[in-house]
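Please open the model in your viewer and keep the selection panel at hand. The tour below goes from one selection to the next and says what is found at each stop.

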Amino acid sequence: MIRGLLFDLDGVLVNTNPLHYQAWKELAEELGIPFTPKDHEAFLGVSRAQCLELLLQKGNQSFSPQEKARLCGRKNDRYRELIGGLTPAALLPGVPEFLKAARAEGYRIGLGSVSKNAGFILEKLKITAFFDAVIDGTGILSGKPDPEVFLKGAQALGLLPEQCVVFEDSAAGIEAAHRGGMKAVGIGTPQRLPAAELTIPGFAGLTPAVLLSKLV
Ligand code: G6P
Ligand code: MG
């Protein structure tokens with residue numbers, strides 16, 4: 001029986017993916033590397049350092065570890081500028097209602113995000129109090145598709161992996177859920193996330209009870 005819900009953050013609860021894209025795009029331009037929204041698909045759910053590796057691979061460029069740290073810092077400074085103005089209005093449609101319903105229905109709620117900015121964003125969105133556990137990029141060693149973030153999430157909720165469902169917008173995140181022994185609900189289209197057990201366009205009009213009845 002499902003007792004815990006583990007949510008990814010970027011692209012699931014809030015539409016920050018375009019802001020990540022913009023910050024990477026600006027860095028890519030400085031480096032003279034072509035970068036499109038299609039290229040950014042592969043960055044979803046992937047750690048900042050790993051995203052930089054993907055970008056540098058694309059541009060066939062190499063840097064020292066110190067220079068890479070500086071480039072990651074520049075990307076993050078720009079991203080922090082972009083997310084600085086987030087308010088609860090940035091929550092994706094139906095998210096607050098879904099989280100409220102999840103609490104009312106007695107589910108334990110966890111965040112499983114690779115982002116090191118997750119805590120800051122939850123505060124900006126004023127949804128920190130919904131979460132019984134927050135596992136983010138500051139508490140893990142491996143990004144998705146490694147299952148670490150979700151396994152730690154289940155553990156922090158006091159549940160077994162098979163008692164949890166993951167909500168994810170990235171292919172890497174769906175793979176992480178599966179490698180952790182959890183089912184995954186994809187936020188997006190079945191074409192983009194064919195491995196998810198169920199795909200929904202978003203949370204509007206849904207409750208956990210109704211949604212999970214479709215998962216079995
Ligand atoms: C999420 C996003 C990724 C991002 C990662 C790290 O998983 O989907 O695109 O690279 O978080 O985010 P951060 O905020 O730590 O740079
Ligand atoms: Mg995401």
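Begin by selecting valine 46 together with ligand 1, where a backbone N or O atom of valine 46 lies 2.7 Å from an oxygen atom of the ligand; bear in mind throughout that this is a predicted model. Keep ligand 1 displayed and add serine 115, which places a polar side-chain atom 2.6 Å from an oxygen atom of ligand 1, and then asparagine 117, whose side chain has a polar atom 2.7 Å from an oxygen atom of that ligand. With these contacts in view, show the surface: of the 390 Å² of accessible area that ligand 1 has on its own, the protein covers 99%.

Next, widen the selection to the 13 residues around ligand 1, among which Val46, Arg48, Ser115, Lys116 and Asn117 come nearest. Coloured by class, this shell divides into 6 nonpolar, 4 polar and 3 charged residues. If you then hide the ligand and look at the space that ligand 1 takes, you are looking at the largest pocket.

Finally, turn to the cysteines and select cysteine 51 with cysteine 72. How many disulfides does the structure hold? The structure holds 0, and for cysteine 51 the nearest cysteine sulfur, which belongs to cysteine 72, is 8.4 Å away. Cysteine 51 has a relative accessibility of 3% and therefore counts as buried, the cut-off being under 20%. End the tour at cysteine 164, which is likewise buried, with a relative accessible area of 1%.

Conventions:
Residues numbered from 1 in each chain as written. Chains lettered and ligands numbered in written order. Predicted model: local features only at pLDDT ≥ 70, side-chain atom pairs only at ≥ 80, totals over all residues. Heavy atoms only, no water. Near = heavy atom within 4 Å. Polar contact = N/O pair within 3.5 Å; in protein donor to acceptor, adjacent residues only side chain to side chain. Areas by Shrake-Rupley, 256 points an atom, 1.4 Å probe, with all protein chains shown as cover. 1 Å grid on protein atoms, 1.4 Å probe; cavity = no way out; pocket = protein on both sides within 12 Å on 5 of 7 lines; lining within 4 Å. Sits in = over half its atoms within 2 Å of the grid points. Nonpolar A, V, L, I, M, F, W, Y, C, P; charged D, E, K, R; others polar. Disulfide = S-S within 2.5 Å. Buried < 20%, exposed > 50% of the residue type's maximum accessible area, 1.4 Å probe, protein only.
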